[in-house]
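Student: Could you take me on a close look at the nonpolar core of this protein, along with the strands and aromatic rings around it? I would like one connected account.

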Amino acid sequence: MYRRVWVDRFCVDCGGWKTEGWNSDDMTSNLAGHLDFLDFNLDENLGTISSNGLKINTSEKNKWLTVKARANEALELTVSANNETIGTVEILGDGGLVTVKILFNRSNWSGVINSVSIMFKGKRGARVEVDYIKAERH
């Protein structure tokens with residue numbers, strides 16, 4: 001039961017027209033997209049989505065953060081937990097869905113995680129669609 005709560009609190013892939021607790025302070029687009037996606041346009045060359053109040057108890061079984069997304073322009077994603085950078089990955093801007101993984105280590109994913117944010121850096125007006133964001137265990 002605890003694992004299900006942990007996944008539901010930290011996963012976008014939970015239902016259409018909902019943001020599942022993800023929000024943005026620097027983008028004007030409505031994040032709630034169609035068919036279980038978050039989707040938005042970058043107002044400037046970067047924009048950040050975040051989820052706060054998570055209270056995720058980490059474990060050595062936590063291995064990586066997985067993001068499945070697509071964009072019409074190349075993007076750089078920088079993921080942070082509790083305001084500490086976990087890692088950076090790139091998504092090609094070819095419009096195809098891609099899955100990227102950012103490996104956790106004990107220095108950036110330990111204790112209780114209260115907030116997670118993803119900064120998208122790319123061309124102004126880039127269209128971003130996020131299918132899911134989830135922490136995976138092994």
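Tutor: Happy to; we will go from the core to the rings, then to the strands, and end with two backbone details. This is a predicted model, in which local features need pLDDT of at least 70, side-chain atom pairs count only at pLDDT 80 or more, and totals for chains, interfaces and linings use all residues. Residues are numbered from 1 along each chain as its sequence is written, and side-chain values use heavy atoms, with hydrogens and water left out.

Let's begin with the core. A nonpolar core here is a set of buried Ala, Val, Leu, Ile, Met, Phe, Trp, Tyr and Cys residues joined through side-chain atoms within 4.5 Å. Buried means under 20% relative accessible area, exposed means over 50%, and partly exposed lies in between (1.4 Å probe, protein chains only). The largest such core has 33 residues, and F40, I49, V67, W109, F120 and V130 touch the most other members. At least two residues of this core come from each of β2, β3, β4 (62-71), β5, β6, β7 (98-103), β8 and β9 (127-137). Strands are DSSP runs (E, at least two residues), numbered from the N terminus. As background, nonpolar side chains tend to be buried together in soluble globular proteins.

V67 is a good place to pause. Leaving out residues up to four places away in sequence, V67 touches L77, V98, T99, V100, I118, V130, Y132 and I133, where contact means heavy atoms within 4.5 Å.

Now to the rings. Rings of Phe, Tyr and Trp (its six-membered ring) pair if their centres lie within 6.5 Å; planes under 30 degrees apart count as stacked, over 60 as edge-to-face and the rest as tilted. That rule gives two aromatic pairs. One is F40 with F120, edge-to-face at 5.2 Å centre to centre and 70 degrees between the planes. Because F40 belongs to strand β2 (residues 38-41) and F120 to strand β8, this pair ties together parts that are 80 residues apart in sequence. F40 is buried at 0% relative accessibility, and F120 is buried at 0% too. F104 and W109 form a stacked pair, with centres 4.0 Å apart and 10 degrees between the planes. F104 has a relative accessible area of 8%, so F104 is buried, while W109 is buried at 0%.

Next come the strands, which count as paired if DSSP finds at least two bridges between them. Strand β8 (residues 112-122) runs antiparallel to β3, joined by nine bridges, with I56 opposite I113 in β8. β5 also pairs with β8 in the antiparallel sense, over seven bridges; there T78 has M119 as its bridge partner. An open sheet of four strands follows the order β2-β9-β4-β7 with antiparallel pairing. Its edge strands are β2 and β7, each pairing on one side only. Four bridges link β2 and β9, and N41 is partnered by R127 in β9.

Finally, the backbone details. K55, in strand β3 (residues 46-57), has a phi near 55 degrees, positive in a residue other than glycine. K55 is exposed, with a relative accessible area of 61%. N82, also not a glycine, has a positive phi of about 50 degrees. N82 sits in the loop between β5 (75-81) and β6 (84-91) and is partly exposed at 28% relative accessibility.
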